Amino acid sequence: MRSSLPKVLHPFAGSTFLHRVMRSVQGLGPETTAVVVRYQADAVAEAARSYDAGVVIVRQDEIPGTGRAVQCALRELSSRGPLEGSVLIAASDMPLLDTATLRSLVDYHESSHDSATVLTANLDDPTGYGRIIREADGDVLRIVEQRDANSSELAVHEVNTSVYVFEADVLRKAVAGLDSSNAQGEFYLTDAVEAASGYGSVGAVAATDPLAVEGVNDRVQLSVLSRAHNARVCERWMREGVTILDPGTTWIEDDVRLERDVTILPGSFLQGGTTVASGAVVGPYTTLIDAQIDGGAVVERSRVEGTHIGPRATIGPWTYLRPGNHLEEGSKAGAFVEMKKAHIGRGSKVPHLSYIGDAELGEGTNVGGGTITANYDGVHKNRTAIGSGVHVGAGNLFVAPVEVGDGVTTGAGSVIRHDVPDDSMAYSENTQHVVEGWKPEWER
């Protein structure tokens with residue numbers, strides 16, 4: 001990937017490669033799950049434990065290869081007790097590997113009583129993949145890596161996906177004799193498949209969905225697979241009643257939830273646990289991250305993070321809602337407004353060019369353009385409370401902590417440092433001085 005980030009920790013549709021594969025494996029209800037780590041082992045191990053506190057971390061030594069990874073895993077798992085039954089081995093750079101595909105592989109293996117079973121795929125372009133070489137009766141004879149394949153083997157379109165099921169006793173014997181006499185000087189796990197054929201038949205199951213077994217080795221492949229997956233996601237939501245005007249520029253992560261009659265306009269990114277209710281309009285050019293959008297709301301050309309937007313509220317354009325906001329029904333955060341941990345009451349409006357942070361507005365309040373809540377005193381973040389039916393003049397500065405009652409009007413340019421009671425006028429004097437005939441020094 002040419003990255004400081006380990007490949008398996010790169011994100012894909014909202015989760016890392018590793019998390020997605022671990023989640024799919026866990027869907028089978030395995031007795032034990034182990035993750036083998038080598039490159040940037042500590043970072044990968046920490047991530048794996050965050051996904052599953054009970055995972056067994058196996059540290060591969062400096063001997064390279066997938067076969068060596070399995071040798072290390074067997075040694076670690078065997079030290080914890082007898083290892084028996086079916087052992088599933090999966091590569092964690094296959095972000096679309098799903099539980100259904102894995103279950104079909106395991107079920108086939110256990111019903112066929114093979115010593116090992118390989119998950120394969122039939123590809124129009126098998127370049128880069130190991131080829132499946134079968135015997136006359138259809139059993140797998142061996143797997144040949146592309147660098148080691150001859151011309152007839154390269155013509156095979158059935159490829160290895162790096163997902164296998166072995167019987168535990170067969171696996172122990174098959175990996176015991178691995179060596180590195182190959183083009184890459186590694187311990188190939190694929191050589192264990194050929195060895196397993198000496199202890200019984202080796203079967204193969206072809207994945208029904210080629211995307212499910214697509215591996216990612218660089219950012220080009222990541223982009224291609226991401227786009228293919230996102231196209232499916234958009235198609236699914238459109239078939240469930242969501243309008244997506246331009247699926248090619250709309251990106252929707254897997255944990256996003258949309259109701260019928262939502263409209264997504266071009267250039268929109270919906271991420272994390274975002275939910276959008278019926279009748280809402282998102283976009284164009286909008287990013288939602290862990291946002292909750294109620295019915296009838298409109299969010300245009302804005303970035304919204306960790307915020308609840310109520311029914312028929314309007315956001316944007318060019319609005320930035322940082323985490324922790326709650327905007328009630330019919331409220332507004334207009335052009336070039338930034339909010340953080342703000343509660344905006346029903347029907348209240350912050351139309352433009354304002355910063356509202358650590359603040360609470362009542363119902364039916366209007367905030368004049370250029371208003372700021374000064375919430376940070378250098379040590380603490382303090383709150384501003386502004387009541388209902390308040391008319392805030394343009395260019396106001398509220399120095400928190402401060403409370404403004406209901407029905408208050410503030411003058412333009414006011415600096416509000418002290419609490420204001422209900423039904424009052426508050427303004428701060430700012431005397432205007434005029435110097436007639438004045439010229440700057442350079443002109444004089």
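1. A strand here is a DSSP run of E with at least two residues, numbered from the N terminus. With that in hand, Asn375 can be placed in the loop between β31 (372–374) and β32 (384–386). The structure under review is a predicted model.

2. Two sets of positions carry the UniProt label "binding site", both from an unreviewed entry. One set consists of Lys7, Gln60, Gly65, Thr66, Gly130, Glu145, Asn160, Asn217, Arg322, Lys340, Tyr355 and Asn366. These positions span 360 residues of sequence and are also spread in space, with C-alpha atoms up to 68.3 Å apart. The other set is Asn375, Tyr376 and Ala412.

3. Lys7 sits in the segment before β1 (11–12). Its relative accessibility is 24%, so Lys7 counts as partly exposed. Leaving aside residues up to four places away in sequence, Lys7 touches Met1, Phe17, Asp93, Val216 and Asn217. Asn217 is also among the positions that UniProt marks in the set with Lys7.

4. Is Tyr355 buried or exposed? Tyr355 is buried, because its relative accessible area is 16% and the cut-off for buried is under 20%. Tyr355 belongs to strand β29, which covers residues 355–361. Beyond residues up to four places away in sequence, the contacts of Tyr355 are Arg322, Glu338, Lys340, Thr371, Ile372, Thr373 and Asn375. Among them, Arg322 and Lys340 carry the UniProt label in the set with Tyr355, while Asn375 carries the label in the other set.

5. Asn375 is also buried, at 7% relative accessibility. Its contacts, not counting residues up to four places away in sequence, are Lys340, Tyr355, Gly357, Asp358, His380, Lys381, Asn382 and Ala400. With Asp358 there is a polar contact between the two side chains, at 2.6 Å.

6. Tyr376 lies in the loop between β31 and β32, the loop that also holds Asn375. Which backbone oxygen does the side chain of Tyr376 reach? The partner is the backbone oxygen of Gly378, at 3.0 Å.

7. Ala412 is placed in the loop between β36 (409–410) and β37 (415–416). Ala412 counts as exposed because its relative accessibility is 63% and the cut-off for exposed is over 50%. Not counting residues up to four places away in sequence, Ala412 touches Gly393, Ala394 and Asn396. A separation of 7.7 Å is found between the C-alpha atoms of Ala412 and Val392, which are 20 residues apart along the chain.

8. The UniProt annotation "active site", again from an unreviewed entry, covers His352. This residue is part of strand β28, residues 349–352. With a relative accessibility of 36%, His352 counts as partly exposed. Its contacts are Gly334, Ala335, Val337, Gly369 and Gly370, not counting residues up to four places away in sequence. A student should note that UniProt annotations may be inferred rather than shown by experiment.

9. One further item concerns the surface. Trp318, Phe336 and Leu353 form a nonpolar patch there, and together they have about 370 Å² of accessible area. Trp318 is found in the loop between β23 (314–315) and β24 (320–321). Its relative accessible area of 48% makes Trp318 partly exposed.

Key:
Residues are numbered from 1 along each chain as its sequence is written. This is a predicted model: local features need pLDDT of at least 70, side-chain atom pairs count only at pLDDT 80 or more; totals for chains, interfaces and linings use all residues. Side-chain values use heavy atoms; hydrogens and water are left out. Helices (H or I, at least four residues) and strands (E, at least two) are DSSP runs, numbered from the N terminus. Buried means under 20% relative accessible area, exposed over 50%, partly exposed in between (1.4 Å probe, protein chains only). Contact means heavy atoms within 4.5 Å. A polar contact is a pair of N or O atoms within 3.5 Å; within protein, one must be able to donate a hydrogen and the other to accept it, and residues adjacent in sequence count only if both atoms are side-chain atoms. Patches are made of residues with over 30% relative accessible area and no salt bridge: like charges are joined within 9 Å, nonpolar side chains (Val, Leu, Ile, Met, Phe, Trp, Tyr) within 5 Å. Accessible areas come from the Shrake-Rupley method with a 1.4 Å probe; for residues, only the protein chains shown count as cover. A salt bridge is a side-chain nitrogen of Lys or Arg within 4 Å of a carboxyl oxygen of Asp or Glu.
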